[in-house]
Amino acid sequence: MDDTPTLPRLQQSLRRLQYLVGALSTLLLLLAGVTGWLLLQRNAPLHADSISTQRLQVLDDRGVVRVQIGQDANDGDRLSRSAGLLIFDRSGVERGGLSTFEDGSTALALDAPLGMGDARWRDRAGLRVDADGSAQLLLTDNLTRGVVRLHSKGSGGGGMDTFRWDMSNGTLHTRTLTYDGDERSQRAFDL
């Protein structure tokens, strides 16, 4: 038995090979075109009418988080769980934020740099509005002691408090200025 291919079989195999090469060439050209288009799109501006996510982070050119929008973890160390915008310095340390809290309050806080005062209490300027509508602006020093506070009560009224901390006696002296006058008070605090 002769296994030598006949001319018609060789021609048929050649046609199949030509079709296969043509199809692969077309596929390769299509793949190259899509790759080129995708490379051009990577620098195109992104536009979306809506983005839904649980956390959004903005990084600087070194990859350090500088802004974060999201919600605290359930096991966070804040008094009430919050959602909002946090800002960070060039080393990635939190320097402040704007948040709403689960207890109904909102706050804007600006923090001292790490290493300035007690690391646990770095708020130096804070604006807070409580669930009842009362509000306060508090400035603190690097010893985390209040220096001055503007406050309003949700029910009406308010004023300005200035503080003097007598560390030797454990006494906080407060001077409150209101429209109606000037009050001075003092209370003990734990050293």
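**Exercise 1. Is His 151 buried or exposed, and what surrounds it?**

Step 1. His 151 has a relative accessibility of 18%, so it counts as buried (buried means under 20% relative accessible area, exposed over 50%, partly exposed in between, with a 1.4 Å probe and protein chains only).

A quick word on what you're looking at: this is a predicted model, where local features need pLDDT of at least 70 and side-chain atom pairs count only at pLDDT 80 or more, while totals for chains, interfaces and linings use all residues. Residues are numbered from 1 along each chain as its sequence is written, and side-chain values use heavy atoms, with hydrogens and water left out.

Step 2. Now find the neighbours. Leaving aside residues up to four places away in sequence, His 151 touches Ala 135, Gln 136, Gly 157, Gly 158, Gly 159, Met 160, Asp 161 and Thr 176 (contact means heavy atoms within 4.5 Å).

Step 3. Asp 161 does a bit extra: its side chain makes a polar contact of 3.3 Å with that of His 151. A polar contact is a pair of N or O atoms within 3.5 Å; within protein, one must be able to donate a hydrogen and the other to accept it, and residues adjacent in sequence count only if both atoms are side-chain atoms.

**Exercise 2. Which strand holds His 151, and how does that strand pair?**

Step 1. His 151 is found in strand β8. Helices (H or I, at least four residues) and strands (E, at least two) are DSSP runs, numbered from the N terminus.

Step 2. β8 (residues 146-152) pairs with β9 (residues 158-166) in the antiparallel sense over five bridges; two strands pair if DSSP finds at least two bridges between them. Here Val 148 has Thr 162 as its bridge partner, and Arg 149 stands opposite Asp 161.

Step 3. Over to β7 (residues 135-140): β7 and β8 pair in the antiparallel sense over six bridges, with Thr 140 opposite Gly 146.

Step 4. Check the turns. The β7 and β8 hairpin has five residues between its strands, and Thr 144 in the turn has a positive phi of about 60°. In the hairpin of β8 and β9, also with five residues between the strands, Gly 156 takes a positive phi near 120°.

**Exercise 3. What is the order of the strands in the sheet, and which are the edge strands?**

Step 1. Follow the open sheet of eleven strands: β1-β2-β3-β4-β5-β6-β7-β8-β9-β10-β11, with antiparallel pairing.

Step 2. The edge strands, β1 (55-59) and β11 (181-188), each pair on one side only.
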